[in-house]
Every structure is written in C-alpha cells, then in structure tokens.
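Grab your viewer and work through a few short exercises. Try each task yourself before reading the solution.

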Amino acid sequence: MAKIELEFIKQMYNKFKNTNEENIKFHVVTKFLEMVGYDPLEFYYEHSKYHKDGRADIAVKIDEVTYLYVEVKPTNNKLNEKEQSQLAQYLFDRGLSWGILTNGKNFILFNSSISVLPNPNRPLMIDKVVFNIDIFNKKHKELIGYFSKESIYENQISNYFRDIAKYKAIKYPDGGGSWNVYKGTLYNFFKYYAHQQKKYRELEQIRIDEFEDFLNYDMEVKSNKGSGREISSIDTFENKYSHIRSFFQILKEYNIIRSHHFEEQREKLIKKIDINGKDNEVKDILNEDNINLILEFYDNRKDALRNKTIFLLSLCFGLERSTLLNITENSVDKGKLHIGNRELLLPPRLKKLIEQLIKEKKQKKIKIKGDYLFPAKYRDQYRALSTHGINYIFEILEGIDKSNPNWSILSPSYIRGYLIKKLFENNYSIEEIVYLTGADLSSISKLIPTNHIMEKVKSRSKKDIKVHPFYQFLQ
C-alpha cells in the first residue's frame with residue numbers, strides 16, 4: 001500500500017470541501033488516520049456502542065477494549081466551544097480516553113482524563129483539548145505525529161502533552177501571553193525528552209539533570225542560528241527552570257503526581273549548567289595530567305572502583321546519566337557492553353574494572369532489584385545508584401583544587417560533548433561517532449559545524465590513523 005502524504009490529504013480536502021460531510025469523512029479524515037498509522041480495516045462506522053446520534057462517525061479499534069472515537073463535522077463547522085464540549089462529554093460518558101473532532105481541515109485531539117475544579121464561567125469540557133491543529137498551517141505540521149497510533153497508544157509520548165494540557169487547565173485556563181511563554185518551554189522540553197526517551201515515562205521519574213541536558217541542547221541550537229545575540233545560560237536557566245518547576249509543583253498540588261525532582265532552588269543548580277564560551281576556558285581540563293589526577297583522587301576515596309568505572313565509561317563512550325544508571329550486569333557480556341541495539345567493545349581497563357565490580361558485589365552479597373551494575377549504600381541498605389549519586393561522583397572533583405573553578409565544569413554531558421569533538425578530530429567518521437556515543441545527528445551538528453565536516457572530508461587521507469582520544473587511559 002502506498003504511503004499517504006499530507007499533501008495528498010490537503011488536495012482531497014480542497015477537492016471535496018464544498019460537498020457533504022460524508023465525502024470529507026471518507027476522502028479526507030480516513031486518509032489522515034491511515035497516514036498516522038491506524039489500520040483502515042479497524043474503522044467502524046456504525047459501532048453498536050460508539051454510534052453517536054444516529055450518525056456513522058468513526059470508532060477506530062485499537063485492541064479488544066480500546067477505541068479512538070473520531071467525530072466528523074462539515075467543513076463550514078467552526079468546531080467551537082460547544083462542539084468541543086459535546087465531544088469531550090461524550091468521551092467521558094463512554095469511558096473513552098482519546099478522541100478527535102474534525103472538519104477535515106482542523107483536527108482537535110481530546111483526552112477525557114483532563115479535569116479541573118468547577119468553574120461557573122466556562123465549560124469545563126473544553127479543557128480536555130490536547131492539540132488543535134490546522135493541516136494547512138506549516139507550524140502545526142510537526143504536531144501531527146502526536147495524533148498517531150504509535151504516539152498515543154504504543155510509546156504513549158502524546159501523554160506528555162496531555163499532562164501539559166492538565167497544567168494549562170489549572171493554571172492558565174484562558175490562555176494569554178504568560179501561558180504562551182510557559183507553553184514554549186514545556187513543548188520544547190517534552191518534544192526533546194520524547195525524542196530522547198522514545199516512550200512515555202511517568203512524570204515522577206523525570207530528573208533535573210535531564211532538564212539541564214535540554215537547556216544545554218537548546219542553548220547550542222540558538223547559538224548556532226547566527227542570530228548574533230549572546231545567549232546567557234543563567235538567564236535561560238532562571239526563566240525556563242521556573243516554568244518547568246511550576247508545571248511539576250502545580251501537578252503535585254492537585255494530586256496529579258505524587259512527587260517530583262524539581263524541588264531545589266534555582267541558585268543551587270545554576271553552577272551545573274555548561275555556560276556557552278566555557279569550552280575554550282576549560283579545553284585542557286581533560287588533558288593527560290588531569291585525568292591521572294582524577295583517577296588518583298578517586299583511588300583515595302570510598303567507592304573508588306565504582307566511581308572510576310563510571311568516569312571511564314563517560315570518557316570512553318560519552319554515556320549520559322540516564323544510560324549509566326540503566327546499565328545492568330546483563331548489559332555486559334563477553335567483553336561487550338550492550339546498550340539498546342548498540343554492541344560496544346569494552347577496552348581492557350574498563351573490562352577489568354567491570355569484572356572487579358561484579359566480583360565485589362558478589363563477595364559482599366550485594367543484591368539490587370533490577371540487577372543494576374552500580375550500587376549505592378543508603379544507611380544500611382544497598383540500592384541502585386541514583387541521579388544524585390551520579391552528580392556527586394563528578395561534583396566531588398572540585399576537591400582536587402577548590403581554587404580552580406574549571407574542576408566544577410566536569411559532568412557526563414560536558415564529557416560527552418568534549419568526546420564527540422575529539423573523536424571527530426581524531427578521524428572518526430560521523431556514523432562511527434553516532435554508534436559509539438549514541439548521539440543523534442542533530443546533537444552532533446551543534447557540536448561540529450557542517451563546514452568543519454566538509455573541510456575534514458576534503459583533507460582526509462587514507463593514511464589518517466583513527467585513535468580514541470583517551471586511548472592510553474582505557475588499556
């Protein structure tokens with residue numbers, strides 16, 4: 001079956017927009033649903049339970065108990081508050097989670113779990129809107145994917161935007177300028193986060209360091225747009241952290257989530273952000289002498305084996321905090337580290353350290369739920385290492401020389417960016433860098449400008465030797 005494109009759907013809309021509702025339903029709406037991954041063999045037009053007001057709208061079967069309800073209106077219908085409220089009420093009454101209201105041009109995605117306190121001045125059901133898009137609006141094109149079967153029902157990343165809608169319904173039910181500012185931060189973060197995670201994670205699991213990674217990524221994107229304006233990481237942090245913190249605090253206050261990791265004051269976190277321009281100031285922080293200092297420093301502190309392993313994994317593969325935390329003993333097999341669909345050959349030193357770490361856990365009879373590789377002792381019990389624990393492993397490096405502020409810059413995200421640049425300088429191809437570090441191309445393009453890639457390709461010789469920048473510490 002040929003893939004349906006958005007341009008085709010727009011053509012069908014223009015062809016049938018002056019005809020009747022049935023033509024829009026069959027020539028536009030069903031094609032839109034097919035385009036975003038729903039099976040046309042599962043479209044029910046007169047479903048016994050979801051047949052509304054005698055009209056044959058579409059009930060899309062997802063599984064034996066789950067349906068997506070789609071209500072189609074004529075093209076001249078403005079899909080106003082009354083229409084929205086009616087569909088939202090219909091979904092709520094029938095226990096359906098997701099629904100779509102459309103006139104072929106506008107598609108409105110609803111979720112029935114969004115609710116707020118009663119307000120006599122406005123219909124509550126309109127707060128159940130997650131997205132309201134126009135297929136002819138170029139700015140809305142990237143949002144169409146969140147209507148898909150994959151995003152709603154499989155990896156469930158559309159739930160992030162459902163959660164944003166819950167926050168809006170409570171804090172900014174009437175929208176306005178302030179909401180647009182908060183919306184920008186929340187949308188950009190959760191688009192980035194969904195891309196990184198590939199699936200929905202409960203909000204309670206999202207960590208501050210993951211938001212920090214987003215801020216660094218966001219600043220790199222803006223700095224490379226050639227706007228000519230300096231971007232201050234502190235100003236960015238002050239504003240955007242207040243947005244994300246408000247989001248989590250409001251959802252907790254209304255018992256939508258039980259807890260969150262955004263309790264810290266902004267001032268305590270500013271120092272963790274990689275400020276633009278610092279790269280030149282600290283470019284030698286990972287030189288040979290300093291790396292030896294770091295390893296010696298760990299040797300003289302508790303958990304030396306674990307901490308050195310984590311540091312060298314960062315140095316070797318540029319692993320992010322979330323990846324480090326999710327490594328299990330089963331991730332290591334026959335001298336290779338398995339991360340997702342990547343199979344990474346462990347250099348001798350790392351292989352030995354990991355073997356020693358596993359042996360030590362067995363000797364001490366340390367058992368951790370989930371079989372995670374890195375233990376941490378909390379009071380008298382061992383648990384899997386937390387984000388706080390990862391941060392601490394790098395924060396203590398300030399103790400090497402408290403008079404030198406450069407030591408405070410080291411973190412998994414800083415080492416990752418530094419490693420990617422050095423790998424490229426050491427003749428690793430872009431595809432090899434992607435495989436080794438797991439970084440996506442958009443992230444790499446922010447670290448290595450396109451003109452540098454072109455220059456490298458032109459000057460590259462078959463005799464060029466490819467060597468890992470930290471080879472001597474990994475053998």
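The exercises below deal with salt bridges, an aromatic pair, backbone angles and a surface patch in this predicted model.

**Exercise 1.** Work out how aspartate 209 and arginine 207 interact, and whether they are buried or exposed.

Start with the contact: the two side chains form a salt bridge, with 3.0 Å from N to O. That passes, because the cut-off is 4 Å. Next, the surroundings: aspartate 209 and arginine 207 are both buried. Finally, zoom out: Arg207 and Asp209 belong to a salt-bridge network that also takes in Arg201, Glu210, Asp213 and Arg321. For the whole structure, the salt bridge count is 23.

**Exercise 2.** Place the salt bridge between glutamate 425 and lysine 422 in the secondary structure, and classify both residues by accessibility.

First, the closest N and O atoms are 3.2 Å apart. Second, both residues sit in helix H16 (residues 412–425), three residues apart, which is about one turn of the helix. Third, glutamate 425 has 46% relative accessibility, so it counts as partly exposed. Lysine 422, at 25%, is therefore partly exposed too.

**Exercise 3.** Describe the ring geometry of tyrosine 146 and phenylalanine 161, then locate both residues.

The search turns up 36 aromatic pairs in the whole structure. In this one, the centres are 4.5 Å apart and the planes make an angle of 45°. Because that angle falls between the 30 and 60 degree limits, the pair counts as tilted. As for location, tyrosine 146 is in the loop between strand S6 (129–134) and helix H4 (149–154), while phenylalanine 161 is in helix H5 (residues 158–171), 15 residues apart. Both residues are buried.

**Exercise 4.** Compare the setting of aspartate 303 with that of lysine 334, and check the phi of each.

Keep in mind that most residues other than glycine have a negative phi. Aspartate 303 has a positive phi of about 60°, and lysine 334 has a positive one near 50°. Aspartate 303 is in the loop between helix H11 (288–299) and helix H12 (304–317). Lysine 334 is in the loop between strand S7 (332–333) and strand S8 (336–339). With 38% relative accessibility, aspartate 303 is partly exposed, whereas lysine 334, at 76%, is exposed.

**Exercise 5.** Which residues form a positive surface patch, and where is lysine 377 placed?

The patch is made by Arg301, Lys302, Lys364 and Lys377. Lysine 377 is in strand S10 (residues 375–378). Its relative accessibility is 53%, so lysine 377 counts as exposed.

Methods. Residues numbered from 1 in each chain as written. Predicted model: local features only at pLDDT ≥ 70, side-chain atom pairs only at ≥ 80, totals over all residues. Heavy atoms only, no water. Patch = residues over 30% accessible without salt bridge, like charges linked within 9 Å, V, L, I, M, F, W, Y side chains within 5 Å. Areas by Shrake-Rupley, 256 points an atom, 1.4 Å probe, with all protein chains shown as cover. Lys, Arg positive; Asp, Glu negative; His and termini not counted. Charge placed at Lys NZ, Arg CZ, Asp CG, Glu CD. Helix = DSSP H or I, 4+ residues; strand = E, 2+ residues; numbered from the N terminus. Buried < 20%, exposed > 50% of the residue type's maximum accessible area, 1.4 Å probe, protein only. Phe/Tyr/Trp six-rings, centres within 6.5 Å; stacked < 30°, edge-to-face > 60°.
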